[in-house]
Amino acid sequence: MTDTLVAPSGPARTTSRPGGLFRLTPTSGVGLGVALVWFSVLVLLPLAAVVGAAADGGFDRFWSTLADAQTFAALRLTVVEALLVTAVNAVIGTIVAWVLVRDQFPGKRILDVVIDIPFALPTIVAGLVLLSLWGPESPMGINIVNTRQGIFLALLFVTLPFVVRTVQPVLIELDADVEEAAASLGASRVTTFRRIILPSLVPAIAAGSSLGFARAISEFGSLVLISGNTPYETEVASLKILKFLEGDNQAGAAAVAVLLLVVAIVTIVILDLISRRVARRG
Amino acid sequence: MADTRQIRARKGPVTYLLRAFVIAYLAVLVIWPLFEVAQQTFAPADVGDEGGVGAFWERLSDPSVTYAFNLTVTVAFWAVLINTLFGVGISLLLVRYQFPGRRILSVLVDLPMSVSPVVVGLALVLAYSTGKGWFGEALASVGFYVIGTTPGLIMATAFVSLPLVIREIVPVLEEIGADAEMAAHSLGANGWQTFRRITLPSIKWAVVYGVVLSMARSLGEFGAVKIVSPGAEFRGETATLLIQNRYTNYEEPTAYAAAFVLVLASVLALVVVSLIRKEDHS
């Protein structure tokens, strides 16, 4: 049912045992060494270089870059749009998951596949797909290029699967006995939903929302063609990084990038906390 | 699972309202724009021109377009190969062996999925570009250049799709446990024999699944590649970069043709993934 491209529970980290079973042999030790060197060269050192470049001019410089009116406007727009999209997704994503699990109608399986398409599409293609309907040659006569509504629509498109795919499995697993008991005791459907179903969905909605929020904050590809990149109006954080880099301002690019990195790490931590809480309760 | 038929059987107006809403929402957000892209792809470029498959094919056989797709496939191939080898190795180490820093490493290997693609590109530039990067000068002195070359594209692509294989293998390894491997070991099998005869057959589908996901992600990577690539025609222009360049250059028919190929590739990946899931469950 959930043939999904999104790994809903976030990191596939090892939770079963405090330590592995085997001690390192010489062979596996060498393997670990090679893996760690590659991982450092590919991921850790470059990320450290970003933090280093941001810290280069000291905290004052870092701060003045972010507090610069134009950069701050871009950051604020990014956060506000991401929050709006997350709020909409929390509600609509739950409704979509509900319909996909509880309702039966012909064509439901197709809709289930459609959910994954925004995530499977390359981001630049996602932007182009939206422009074909809402762009300059729109058959609707609506042009979203260089508007905040356009940014909102693009973010809504790319974050569609997150809440749906985290809520869906929880709804499937939900015990119907409790709902039937509530109904037989005279609870209305609204009361049953509010008191019985919603509380068990909240962790999944929260997890899906934080994944979606992180994605929306850092989104780049789908916005390149849509956001006109007008300062103060339609410039978002990721495009601001590109502009800094093209203007040969590495420190500025690194400062904004560090902020995005922090958001990414905070999201991972929040997801970890949620999944542990759920694991403890279950 | 409890019998939910009773609850599902009660269909009020709310059920139909929600169903209609979800269908309309997904139709407007995803299905209609996709349909529009298909139409643009096969539309004639100018009034009086030929449309259809012939024109589509002609746009794709332009040398710069074939160059872009060749480069994309080459980069994706190497990135997926590296990630598969690294992913299988690191998953085995994380699940089966005990070593200091194991838990933190398991969190770190998931980090690349949460980092904005632009930040990935920036990180590689700040680490390896000649002139701006930490190690750029040292690498240049031995004649190795990362930024602006195919190895740089491969690194950027490998970075963003790094956790996909690991996320698939780790849960499977945890579920199957190490009993069979220990039995093989005590019967005198060496490490390689145990891996090839015992471990590999049980993680086979997880590896295939991870490879398909990585392949889809690698073919469509845009943000990270955009930063590390010169991105000019015949010079590091991958398929996604080509789409952006052509679209902004008012050569929309070519952009749509290339985008349509990538849409087909991602839909194909979705179909393959759901087939594998079925195979795996049976």
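This passage looks at how chains A and B meet and at how two helices of chain A pack. The structure is a predicted model.

The place to start is the contact between the two chains. Chain A brings 81 residues to it, and chain B brings 84. On the chain B side, the largest share comes from helix 2 (residues 13-41), which supplies 17 residues. Sorted by character, the chain B residues that touch chain A turn out to be 56 nonpolar, 17 polar and eleven charged.

The chains are also linked through strands. Strand 1 of chain A, just residues 22-23, is joined by two bridges to strand 1 of chain B (residues 97-98), and the two run parallel. Within this pairing, A:Phe22 sits opposite B:Tyr97 of strand 1 of chain B.

Inside chain A, attention turns to helix 3 (residues 69-102) and helix 7 (residues 160-173). Their axes lie 8 Å apart, and the packing angle is about 45°. That angle falls between the 35 degrees below which helices count as roughly parallel and the 65 degrees where roughly perpendicular begins, so helix 3 and helix 7 of chain A are oblique to each other. The crossing of helix 3 of chain A past helix 7 of chain A is right-handed.

As for who does the touching, helix 3 of chain A offers residues including A:Asn89, A:Gly93, A:Thr94 and A:Trp98, while helix 7 of chain A answers with a set that includes A:Phe162, A:Val167, A:Gln168 and A:Ile172. Taken together, the residues of this helix 3 to helix 7 contact in chain A split into twelve nonpolar and four polar, with no charged residues.

Methods
Residues are numbered from 1 along each chain as its sequence is written. Chains are lettered from A and ligands numbered from 1 in the order in which they are written. This is a predicted model: local features need pLDDT of at least 70, side-chain atom pairs count only at pLDDT 80 or more; totals for chains, interfaces and linings use all residues. Two residues are in contact if their C-beta atoms, placed from the backbone, lie within 7 Å. Helices (H or I, at least four residues) and strands (E, at least two) are DSSP runs, numbered from the N terminus. Ala, Val, Leu, Ile, Met, Phe, Trp, Tyr, Cys and Pro count as nonpolar, Asp, Glu, Lys and Arg as charged, and the others, Gly among them, as polar. Two strands pair if DSSP finds at least two bridges between them. Axes are lines fitted to C-alpha atoms, for helices over the stretch in contact, and angles run from 0 to 180 degrees between N-to-C directions. Angles under 35 degrees count as roughly parallel, over 145 as roughly antiparallel, 65 to 115 as roughly perpendicular and the rest as oblique. A crossing is left-handed if the near helix is turned anticlockwise from the far one by less than a right angle, and right-handed if clockwise.
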